[in-house]
Amino acid sequence: MAKIRVQGSRFFAFDGTEVTRLESLKTIDPGSDSAGKIEITDLDEEESKSYIPGLSDPGDGSLGFDIDEEKPSHKKVVDWATTKKALTIMIGAPGSDSIPTVTNGELTLPTDRTWWRWDASLTTPVWKFDPDTLVNCTVTMQRKSATKWIPKT
């Protein structure tokens with residue numbers, strides 16, 4: 001049975017013009033969705049309400065990293081979070097060096113790698129200064145879409 005390791009995954013963000021590799025992330029959590037519920041209980045029901053699933057509410061996630069002034073993507077993430085930039089976030093499973101491309105403003109994911117993709121806005125960075133650690137930054141991702149799993153072909 002094939003299993004996908006986390007180590008060796010590559011992380012990318014598309015800001016509408018270019019794809020940036022998000023280097024040296026320590027954590028990434030797309031967040032979990034919750035579904036609304038639509039009540040369909042008949043008035044003659046005497047014991048329990050009945051529901052059907054409603055629309056999904058995309059969850060908030062986060063990404064975190066130990067700040068490194070030599071990693072250009074760390075500055076970009078902080079800038080994007082400060083301006084609440086809308087992005088497409090992508091995770092490419094290990095096992096391939098292929099990267100997303102942009103042609104005429106259109107984003108394309110290579111098919112030789114498994115991907116996870118979602119749209120989100122980053123929000124205000126949170127800095128953490130604990131003893132005997134590196135300076136850490138965590139950024140909340142307010143997702144605008146579901147997390148889509150795209151298996152390699």
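How many aromatic pairs does the count come to in this structure? The count comes to one aromatic pair. That pair is a good place to begin a walk through this model, which is a predicted one.

A pair of aromatic rings is described by the distance of the centres and the angle of the planes. Here the partners are F12 and W115: their ring centres are 5.9 Å apart and their planes meet at 50°, so the pair is tilted. The reason is that planes under 30 degrees apart would count as stacked and planes over 60 as edge-to-face, with the rest called tilted. Now look at where the two residues sit. F12 belongs to strand β1, residues 10–14, while W115 belongs to strand β10, residues 115–122, so the pair ties together parts that are 103 residues apart in sequence. Are F12 and W115 buried or exposed? F12 has a relative accessible area of 3% and is buried. W115 is buried as well, at 0% relative accessibility.

With those two strands in view, let us step back to the whole chain. The protein chain has 13 strands and one helix. If you follow the sequence from its start, the pattern reads β-β-β-β-β-β-α-β-β-β-β-β-β-β. The C-alpha atoms fill a box of roughly 65 × 45 × 40 Å along the principal axes. The radius of gyration is 19 Å, whereas a compact globule of 153 residues would have one near 15 Å. Buried residues make up 32% of the 153 residues. The accessible surface comes to about 10,100 Å², and 51% of it belongs to carbon and sulfur atoms. As for contacts between residues at least 6 apart in sequence, 64% of them join residues at least 24 apart.

Next, turn to the inside. The largest nonpolar core has 19 residues, and L22, L63, V77 and L122 are the ones that touch the most other members. Several elements give two or more residues to this core: β1, β6 (60–66), α1 (72–83), β7 (86–92), β10 and β12 (136–143). Which of them gives the most to this core? The answer is α1, with four residues. To get a feel for this region, pick out L22. Setting aside neighbours within four places in sequence, L22 is in contact with F11, F12, A13, L63, S73, V77 and W80. F12, one of the two rings we started with, is thus among the contacts of L22. There is also a second, separate core, made of six residues, that includes F14, L107, L109 and W115.

Aromatic rings can have other partners too. K37 lies over the face of Y51, at 4.3 Å from the ring centre.

Let us now visit some loops. Between α1 and β7 you will find K84. Phi of K84 is near 55°, a positive value in a residue other than glycine. K84 is partly exposed, at 47% relative accessibility. A second residue with a positive phi is N104, where the angle is near 50°, and N104 is not a glycine either. N104 sits in the loop between β8 (101–103) and β9 (106–108). At 80% relative accessibility, N104 counts as exposed.

Which loop holds T123? T123 is found between β10 and β11 (126–128). T123 is buried, with a relative accessible area of 12%; the cut-off for buried is under 20%. Leaving out neighbours within four places in sequence, T123 is in contact with A81, K84, V139, T140 and Q142. That list brings us back to K84, the loop residue met a moment ago.

Finally, try two distances across the model, both ending at T82. S48 lies in the loop between β4 (34–39) and β5 (51–57) and is partly exposed, with a relative accessible area of 44%. How far apart in space are S48 and T82? They are 47 Å apart, C-alpha to C-alpha, with their positions 34 residues apart in sequence. The other starting point is D57, in strand β5. D57 is partly exposed at 48% relative accessibility. The C-alpha atoms of D57 and T82 are separated by 24 Å, and these residues are 25 apart along the chain. Beyond neighbours within four places in sequence, D57 is in contact with D33 and S34.

Technical notes: Residues numbered from 1 in each chain as written. Predicted model: local features only at pLDDT ≥ 70, side-chain atom pairs only at ≥ 80, totals over all residues. Heavy atoms only, no water. Phe/Tyr/Trp six-rings, centres within 6.5 Å; stacked < 30°, edge-to-face > 60°. Buried < 20%, exposed > 50% of the residue type's maximum accessible area, 1.4 Å probe, protein only. Lys NZ or Arg CZ within 6 Å of the ring centre and 35° of its normal. Core = buried A, V, L, I, M, F, W, Y, C linked by side-chain atoms within 4.5 Å. Contact = heavy atoms within 4.5 Å. Rg over C-alpha atoms; globule rule 2.2 N^0.38 Å. Areas by Shrake-Rupley, 256 points an atom, 1.4 Å probe, with all protein chains shown as cover.
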